[in-house]
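Open your viewer and keep the selection box handy. We'll go from one stop to the next, and I'll tell you what to pick at each.

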Amino acid sequence: MMVIVVGIGNPIVRDDSVGIRVVEELQKVTGVDTAISPTTGFEILDVILGYDKAIIVDAISTGGEPGKIYELSVDDLDTAPLLNTHSIPLATTIKLGYTIFGDKMPKDIKIFAIEAEDLSIGDRCSSKVRNAIPKVVKKIMDEIKNN
């Protein structure tokens, strides 16, 4: 099974960069295909087309406990407040991908979203979000092994 992990975020917005930080850590421990994207726009489709499974990591802002990890499906994206400092919402991008590209899209897409705390300018995640990074990496590794 061909799997790709995509980290979404802005590298200079503290907790919004968590998707990028997870992918950077994942690259140290596995050879799985990875990509980083600053947006949730159509360029995401170029990255995930042709894969059987895509795992997407991004920040979320629900007002919940900072560092909390949410495991979401594409259907959950309609109501999940993923941070949209990017472009068009991820749900819109993925649904258009299925409409336009059909079978070339991954059959399975899973989203790991980490509750943000600090969205100020900076190059490091807040401590609670930073502490979630190895937990998400482990969850991704388990997800890959179970497929």
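Is I20 buried or exposed? Select I20: it is buried, because its relative accessible area is 5%, where buried means under 20%, exposed over 50% and partly exposed in between, with a 1.4 Å probe and protein chains only.

Some housekeeping before moving on. This is a predicted model, in which local features need pLDDT of at least 70, side-chain atom pairs count only at pLDDT 80 or more, and totals for chains, interfaces and linings use all residues. Residues are numbered from 1 along each chain as its sequence is written, and side-chain values use heavy atoms, with hydrogens and water left out. If you colour by pLDDT (the predictor's confidence in each residue, from 0 to 100), the protein has a mean of 91, with 93% of its residues at 70 or more. Among the elements, β1 has the highest mean, 97, and α3 the lowest, 90.

**Stop 1: around I20.** Show what I20 touches: G7, I8, G9, N10, P11 and I36, leaving out residues up to four places away in sequence. Contact here means heavy atoms within 4.5 Å. Add P38, which is 18 residues from I20 in sequence and 8.7 Å from it in space, C-alpha to C-alpha.

**Stop 2: helix α1.** I20 is found in α1; helices (H or I, at least four residues) and strands (E, at least two) are DSSP runs, numbered from the N terminus. Select 18-29 for α1. Its 12 residues reach 17 Å from first C-alpha to last, close to the 16 Å expected at 1.5 Å a residue, the expected span being 1.5 Å times one less than the number of residues. Buried in α1 are V18, G19, I20, R21, V22, V23 and L26, and the buried residues of this helix pack against β1, β2 (33-37), β3, β5 and α4.

**Stop 3: helix α4.** Now take 127-145, which is α4, with 19 residues and a reach of 28 Å against an expected 27 Å. Look at I133, where α4 bends by about 25 degrees, with a proline, P134, following within four residues. (The bend is the angle between axes fitted to the seven residues ending at a residue and the seven starting there.) The buried residues of α4 are V129, A132, I133, V136, V137, I140 and E143, and they pack against β1, α1, β3, β4 and β5.

**Stop 4: strand β5 and its partners.** Select 108-115 for β5. 7 of its 8 residues are buried, so β5 is largely enclosed by the rest of the structure. β3 pairs with β5 in the parallel sense over 8 bridges; strands count as paired if DSSP finds at least two bridges between them. D58 has A113 as its bridge partner in β5. β4 pairs with β5 in the antiparallel sense over 5 bridges, and there L72 is partnered by I111 and S73 by K110.

Stay with β4, residues 69-73: Y70 and L72 are on its covered face, while I69, E71 and S73 are on the uncovered one. In a regular strand, side chains alternate between the two faces of the sheet.

**Stop 5: the cores.** Finish with the largest nonpolar core, of 22 residues, where V6, I48, I56, I94 and I109 have the most contacts inside it. A nonpolar core is a set of buried Ala, Val, Leu, Ile, Met, Phe, Trp, Tyr and Cys residues joined through side-chain atoms within 4.5 Å. Apart from this core lies another, of 20 residues, including V5, V18, V23 and V136.
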